[in-house]
Amino acid sequence: MDIQVKLLDVQITETVFKVKTYDKSVTNELETQLSVNTGFNDDKNTFAIFFKIVLENKTKNFYLKLEACAHFETNVEIDDEFQKSPFIKVNAPAIAFPYVRTFISNFTLNSGFDPIILPSYNFVKLAQEQNA
């Protein structure tokens, strides 16, 4: 039987936004930090991907921290093999990340600044770095 995985939702669980400038272009030169973690529930058919993103321009006093959680469901019980599979570290984050990316873009645009368009991330490389 093939495992079927469904993205249930993506929830923004925390935002911290501090700006001390009227310069709309402050969002164009940011330092970016991204971390991705995984969590498994007691019910054996769901798991979560947790994102933490920090965007900062120290010289222009711009700071945005965002935490988000993407909830996934499978059609079979999640075993150890699946928990250690590339799907958990690479594919699931790649599926959920565009929703987080869009939230950040819309949030900064609606806050009166140039929208932050985050680049695509190489989740294969990020998984390798986290395993090292």
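In the predicted model, 4 strands form an open antiparallel sheet in the order 1-4-3-2. The edges are occupied by strand 1 (5-19) and strand 2 (31-40), each of which has a single partner strand, so one side of each is left without a neighbour in the sheet. On average, neighbouring strands of this sheet are turned by 15° against each other, direction ignored. Strand 1 pairs with strand 4 in the antiparallel sense over 13 bridges, and Phe17 has Leu64 in strand 4 as its bridge partner. Helix 2 lies across strand 1, strand 2, strand 3 and strand 4, and runs at about 45° to strand 3.

The structure contains 13 aromatic pairs. Among them, Phe47 and Phe72 have ring centres 5.0 Å apart and ring planes at 5°; because planes under 30 degrees apart count as stacked, this pair is stacked. Distant parts of the chain are linked by this pair, with Phe47 in strand 3 (residues 46-57) and Phe72 in strand 4 (residues 62-74), 25 residues apart. Both Phe47 and Phe72 are buried. The rings of Phe97 and Phe123, in turn, have their centres 5.7 Å apart and their planes at 70°, so this pair is edge-to-face. Phe97 belongs to helix 2 (residues 86-110) and Phe123 to helix 3 (residues 123-131), and the pair thereby links distant parts of the chain, 26 residues apart. Phe97 and Phe123 are both buried. Ring pairs also link Phe17, Phe62, Phe103, Phe107 and Phe113 into a cluster.

A search of the whole structure finds 3 salt bridges. One of these joins the side chains of Glu14 and Lys65, at 3.2 Å from N to O. Glu14 lies in strand 1 and Lys65 in strand 4, so the salt bridge ties together parts that are 51 residues apart in sequence. Glu14 is partly exposed, with a relative accessible area of 29%, whereas Lys65 counts as buried at 15% relative accessibility. Lys65 also forms a salt bridge with Glu67, their closest N and O atoms being 3.6 Å apart. Glu67 counts as partly exposed at 22% relative accessibility. Glu14, Lys65 and Glu67 are thus linked in a network of salt bridges.

A further salt bridge is formed by Asp23 and Lys60, with the closest N and O atoms 3.3 Å apart. Asp23 lies in the loop between strand 1 and strand 2, and Lys60 in the loop between strand 3 and strand 4, so the pair ties together parts that are 37 residues apart in sequence. Asp23 counts as partly exposed at 27% relative accessibility, as does Lys60 at 31%.

Methods
Residues are numbered from 1 along each chain as its sequence is written. This is a predicted model: local features need pLDDT of at least 70, side-chain atom pairs count only at pLDDT 80 or more; totals for chains, interfaces and linings use all residues. Side-chain values use heavy atoms; hydrogens and water are left out. Rings of Phe, Tyr and Trp (its six-membered ring) pair if their centres lie within 6.5 Å; planes under 30 degrees apart count as stacked, over 60 as edge-to-face and the rest as tilted. Helices (H or I, at least four residues) and strands (E, at least two) are DSSP runs, numbered from the N terminus. Buried means under 20% relative accessible area, exposed over 50%, partly exposed in between (1.4 Å probe, protein chains only). Two strands pair if DSSP finds at least two bridges between them. Axes are lines fitted to C-alpha atoms, for helices over the stretch in contact, and angles run from 0 to 180 degrees between N-to-C directions. Contact means heavy atoms within 4.5 Å. A salt bridge is a side-chain nitrogen of Lys or Arg within 4 Å of a carboxyl oxygen of Asp or Glu.
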